[in-house]
Amino acid sequence: MKERILKRADELKSELLRLSHDIHANPETSFEEFRAAAWQKELLEKHGFTVEAPFCGMETAFRAVKKSGKPGPVVAFLSEYDALNGLGHACGHNIIAASSVGAGLALASVLDETGGEVQVIGTPAEEGGGGKVFMVERGAFDGVDFALMMHPSTKNIIGRGGLAAQGVRVEYRGRSAHSATPDKGINALTSLIALFNGIDTLRQVWPNSAKINGIITKGGSASNIIPELAEALFTVRASTKKELVAMFADLQRVADAAARLTGAEVVVDGEPVYAERYSNSVMGEAFKRNMETLGEPMEYPDPKERVGSSDVGNVSLEIPTIHEYLAIADPSVAGHTAEFREASLSPRGDDVVLLAAKGLALTGWDLLTDERLRKAAKAEYLEKAAPYKS
């Protein structure tokens, strides 16, 4: 049956690569991925899936379902397809979309024999906006037993975690005045600079794993005018969502104090919180075995290696989830760069579309047919991830 899955993936190769290339050539940013979502919907419907779109109140989200008519678990492959503003697909989401669609289609070819259900869930706005955060809150994963996806990288890795993260916008509003009479104005920029200084003080009391960086996006229009408006954007990271919520409260308190220094008004807007990621090692080991049968050796992450953030962490708090990595570029190539964007359309990038589709589908087959594997994956989730679900 696994040979049938592999054969089906090979039969889909040209369609999957066309999907990857079309998404790459037409980059769309968060919540604007209309063409990418439509192309995936069209391909899934062509091959017998029932697609609900829009989904969860989002125009560019979708859920594609193929049922066997027999009882069994529900396995979902997660698709991402948003691009980076100004950089296009420099994170390889075109490969994620094509590989998850391919995995769903390949696994569906044996569904009548295995029982259960296969879903492909289209999740917009991973790069900013937190599509999966809203989807979790709106019940997108209710009834789903396992979630799987692959992310392009510079190494073949299973089991990498992720930090909790949140984008924060801070705006100060004061009163404009000529710089010759600053007492007649309220300097919004002064409050903003005080906030940055306050954050430097907070670093001493935050956990060692905490990270924050920010930029000033508005700070005045001329040096001889007291700025009435100042704005900054921050990215805050922590080991856990719980730590992050506490850091946001600290940030709010310091922002308020900085406003009182000048009499400015302040608004602090927090974006959806990306939770930390709990990669299910039972499922990861199954993926590793399958990838190695395809000639792709997998490694474990260096515990000292720095990690990023993704809204798939919110899914990992709900159900057993994997978010594994396959290399499309040399380790010297950084993500979110023009070089990585080119790698996402390279021959190796195309190879990874098919390799990931196969490896994910084979792991999905393992989950559909191996009760002991399912029980072990769920037991690990209940022990390691579920306690942190809020």
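This report describes the strands, two of the helices, the nonpolar cores and two single residues of a predicted model.

Residues are numbered from 1 along each chain as its sequence is written, and side-chain values use heavy atoms, with hydrogens and water left out. Because the model is predicted, local features need pLDDT of at least 70 and side-chain atom pairs count only at pLDDT 80 or more, while totals for chains, interfaces and linings use all residues.

**Strands**

Helices (H or I, at least four residues) and strands (E, at least two) are DSSP runs, numbered from the N terminus. Two strands pair if DSSP finds at least two bridges between them. Strand β1 (residues 50-52) and strand β2 (residues 62-67) run antiparallel and are joined by three bridges, with E52 standing opposite R63 in β2. Strand β2 is in turn joined by six bridges to strand β4 (residues 117-122), again in the antiparallel sense, and here V65 has Q119 in β4 as its bridge partner.

Strand β3 (residues 74-79) pairs with β4 as well, but these two run parallel, through six bridges. A parallel pairing over three bridges also links β3 to β5. V75 takes part on both sides, since it stands opposite V118 in β4 and opposite F146 in β5.

How many of the six residues of β3 are buried, a word that here means under 20% relative accessible area, with exposed meaning over 50% and partly exposed in between (1.4 Å probe, protein chains only)? Six of the six are buried, so the strand is largely enclosed by the rest of the structure. Both of its faces are covered, with V74, A76 and L78 on one side and V75, F77 and S79 on the other.

**Two helices**

The table sets out the length of two helices, where the expected span is 1.5 Å times one less than the number of residues.

| Helix | Number of residues | Expected span | Distance between end C-alpha atoms |
|---|---|---|---|
| α7 (residues 188-202) | 15 residues | 21 Å | 21 Å |
| α13 (residues 371-384) | 14 residues | 20 Å | 20 Å |

The buried residues of α7 are A188, S191, L192, L195, G198, I199 and L202. They cover an arc of only 115 degrees around the axis, which puts them on the same side of α7; the arc is that of the directions from the helix axis to the C-beta atoms. Among the elements that cover these buried residues are β6 (164-173), β8 (211-218), β10 (229-238) and α8 (241-262). At the start of α7, a side-chain oxygen of N187 comes to within 2.9 Å of the backbone nitrogen of L189.

In α13, the buried residues are L373, R374, A377, E380 and Y381. Seen down the helix axis, they fall within an arc of 130 degrees, so they line one face of α13. The face turned away from this buried side carries the exposed residues R372, K375, L382 and E383. The cover over the buried residues includes β5 (146-153), α9 (281-293), α10 (312-316) and α12 (347-369). D370 caps the N-terminal end of α13, where one of its side-chain oxygens lies 3.1 Å from the backbone nitrogen of R372.

**Nonpolar cores**

In soluble globular proteins, nonpolar side chains tend to be buried together. A nonpolar core is a set of buried Ala, Val, Leu, Ile, Met, Phe, Trp, Tyr and Cys residues joined through side-chain atoms within 4.5 Å. The largest such core in this model has 63 residues, and those with the most contacts inside it are L44, L107 and L148. Helix α12 gives the most to this core, with twelve residues. Apart from it lies another core, of 28 residues, which include A188, I212, A259 and V268.

**Two single residues**

S30 is found in the loop between α2 (13-25) and α3 (34-46). Its side chain reaches the backbone oxygen of G128 at 2.6 Å.

G131 has its place in helix α6 (residues 131-137), and it counts as buried because its relative accessibility is 0%. The C-alpha atoms of G131 and C56 are separated by 9.6 Å, although the two residues are 75 residues apart along the chain. Leaving aside neighbours within four places in sequence, G131 is in contact (heavy atoms within 4.5 Å) with F31, M58, P124, A125 and D311.

Notes: Polar contact = N/O pair within 3.5 Å; in protein donor to acceptor, adjacent residues only side chain to side chain.
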